[in-house]
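Okay everyone, thanks for coming. Let me put the structure up, and then I'll walk you through a few parts of it.

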Amino acid sequence: MSAVSAPAAEQPPILHLSAVVGSALRDANGERLGKVEDLIVRLGGTGYPPITGFLVNVAGRTSFLGADRVSEIATDGVVMRKAKLDLRPFERRAEEVLLKRDLLDRQLINVQGARLVRANEIELALVAGSWRVVGVDTGPRGGLRRLLPKGLGAHIATGEFLDWAGVEPFVGHVPTVRLRVPHPKLAKLHPAQIADLVEAASRREGEEIIQAVGDDDRELEADVFEELDDQHQREFLEDRPDAQVAAILSRMAPDDAADIVGELDENRREQVLSLLPVSHRVKVRALLGYDPAEAGGLMSPDFILLHGSSSAGDALNAVRRSRIAPELLTAVFVSSQEGSLDGSVAVTALVRADPTRSLSSIVKHEVPCLSPDASFEEVARLMADYNLTSIPVVDDGGQMVGVVTVDDVLEAMLPRGWRRRFGLLGED
Amino acid sequence: MAVRVPPVMRRIRSATRGRPRLPARLSPRRARIFAFLGLLGPGLIAANAGNDAGGIATYSSVGAKYGYELLWTIVLITISLGLVQMLAARMGVVTGKGLAELIREEYGIRWSVLATSAVVIANLGICISDFVGIGAALGLAGVPTQVSVPIAAVGIWLIIVRGSYRSAERIFIWFTIPFFAYPIAAILAHPHWGKVGKALVVPTIHTNSAFVILLIATAGTTITPYMQLYLQSAVVERGVREDELPREEREAVAGAVFANIVAAFIIIATGATLFAHGVHHISSAADAARALRPFAGSYAEVLFGVGLLGASLLAAAILPIATSYVVSESLGYEKGVGRRHEEAPVFVNIITAMIMIGAFVAIIPGVPVISLLVGVQVVNGLLLPINLFFIWRLARSPRIMGERHSRGLLDGAAAVTVAVSSTLSIALVVITVTSL
């Protein structure tokens, strides 16, 4: 589990946000001046985010009190360093959020568990000389403590809570700033997990996740896009200018890019296509000519096809040099004298073979291949019958045009309800 | 490997031209199917679940006691319901969050838990009454309650827990088809259409308390809190995009209109038979069905029973879902129709518990169903103002709704609806409590 246990005795005691909010503001002499309304915290740095100030209500007016003017925070109130009260109106600085208004009761990403959770309580502690947010309680204890009247709720002990290191808050709803807090922890997740989060989150939160991912790592953004379901892909693409869509597409495998172009509005397709790099554009455009439910629509145009007279060593070199994704490159294809497809050699077989042997001597001929208009059932059946992880697609002239890999088939065959781990269920 | 394969390359051509259903890739066709199904979705389901056993009993009483006189209220109620449902759908689309979630985020955990517990109590009561309705409807066909109710309970549970949201929704849409039984039953009863038309536009008001109670009960059973909660959660679960919002709003309004047309036909059917023949008092929906026989022939009774069955099944399925959504949303648990127990344990457990309790209480012989329903009405009456107030406040907030926040006429109409229905609901609670 991703939860950490309550800190042991040598660690600083935990203070609950709900206990501090609503407690008294006192001066150095213990005189009650007003009430604490909210805590201001600065996100964006590394480690536990420090509390930078307080919103306090003194004589009916809400004002700002800097953390440097406070000597002590406890359940029975916040104590000021000096007796003198110097009140300023609150102005939000960059990366500052209000704990109660902006984080409590809202959704957060539990990064280790790769799921969305809700903050029932926010836990504070004195770490490295300043008060900081150390974690979030998502369990029933935190909720119950806040539900009960204050006197009773205070008796509920601190339970297990999520360490802040494993949590990313959403800040898109925070007004005025629209602050751009990076979410570095998200980069630790697999693109498929991030896509799951986007699908489970609301529209705005999903946009925030994608934006954060894209700011740090364009490559990862494209990977996440590939993993999103159609509905979310379309949703996020619609909001983006053509140039941005093209930038994402150019980082994707051509078959995935073609799927997404197919999702775009008819009148946007040409514009987006024209912004793609030439080689990519040609491949994507060729793929768009096929029916998405047939072999042509499933295949990737990236493969290695070598003449039978080449040696196994040449083939291995070609594999080394190529930039094709590993899952697409499980075999090297061999062409005959006339240029038509002759058979295939698994990459493993190449590694094992004597590098000087010619491909024609080790090629496996008895490999089925598909025409671009073979139905999806044909593809699935052949791959199952012949125990294949990839299968070549050949046009009417015998020229190889692409390869269908098992992951594409699996994706299309997955029953609707299995598609997602959580959140929305599969659509039609 | 022992696979025998031809030595030469095989060329495979697809022999069949029929294409496989590849949901993820057939977007244009899917879009067309959606445009059609768009009329049949959560809006229709949510509003029509209101014509359940309790609703049918109320409308039948109205028709039996006052004939067509109260039909004008249905017109006004339709406007209010359509408005409220539209706002719920809009909030679901724009925020991507359920109502309970929004209340929690904007007003804190105490308000959301208060609203949630009221929903649980009220919905449990309605759920019981709908299993009673299932038993009564099948009882007309001679099936004993101890057989029909458990079978229905298991069936509903399987649809919700084992199916996906889409398949469940599709089955729910079939449940609404029996509602067409009421217009047919009404026409078979040969009402005086001139009087019906007049009653729809000309308000008739009596000043006795029985009239006031029935009027409030009609409003109360037609606009029920779980409808908005269910609709908004369902819209979120459907993942409706913002550019589909107009269609979703149309559907919410259309659902409300259809539901109330059905309600009006129940009043017309009973008004044309029971009222016209001097039967002014009925105690349950099944009574109403039986009472139709002498005047409208055996078809009318069958139709009435079929309608009652569909309505009760629909509501008995929707209520556990709506309840479970609200609890999961406000407490932050995983949720989703079709989610397995291990994925969303709390969500599934609440649904299971609702169905079990509903079915179990319904088959206990001699359960005081009527006093149970009265109690439920009180809780619902208290809950509705809270619910509507939150809907009104949240929908008009530019911070939450952005460009789509309600303003001007829409906001004014929503405020009036909140004020009027709250007054009526509180009046109902006062009357029920003082008359106990």
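**Chain B, its core, and a sheet in chain A**

So, chain B first: its secondary structure comes to 18 helices and one strand. Here helices (H or I, at least four residues) and strands (E, at least two) are DSSP runs, numbered from the N terminus. Keep in mind that this is a predicted model, where local features need pLDDT of at least 70, side-chain atom pairs count only at pLDDT 80 or more, and totals for chains, interfaces and linings use all residues. Residues are numbered from 1 along each chain as its sequence is written, and chains are lettered from A and ligands numbered from 1 in the order in which they are written.

How much of chain B counts as buried? Of its 436 residues, 55% do. A residue is buried if 20 or more other C-beta atoms lie within 10 Å of its own, exposed if 12 or fewer, and partly exposed in between, with C-beta atoms placed from the backbone.

Now the largest nonpolar core, meaning a set of buried Ala, Val, Leu, Ile, Met, Phe, Trp, Tyr and Cys residues joined through C-beta atoms within 7 Å. This one has 135 residues, and among those touching the most other members are B:Phe131, B:Tyr230 and B:Leu314. Helix α14 of chain B, residues 285–331, gives the most to this core, with 21 residues. Leaving out residues up to four places away in sequence, B:Leu314 touches B:Ile45, B:Asn48, B:Ala49, B:Phe172, B:Phe175 and B:Thr176. Touching here is contact: C-beta atoms, placed from the backbone, within 7 Å.

Over to chain A. There's an open sheet of three strands there, in the order β15-β16-β17, with mixed pairing. Two strands pair if DSSP finds at least two bridges between them. β15 (305–307) and β17 stand at the edges with a single partner strand each, so one side of each has no neighbour in the sheet.

What does the mixed pairing look like? Three bridges join β15(A) to β16(A), and these run parallel; A:Leu306 stands opposite A:Val334 in β16(A). Five bridges join β16(A), residues 331–335, to β17(A), and this pair is antiparallel. A:Phe333 has A:Ser344 as its bridge partner in β17(A). In the hairpin of β16(A) and β17(A), five residues lie between the strands, and A:Gly339 takes a positive phi near 90°.

Last one: why is β17(A), residues 341–346, largely enclosed by the rest of the structure? Because five of its six residues are buried.

Methods:
Contact = placed C-beta atoms within 7 Å.
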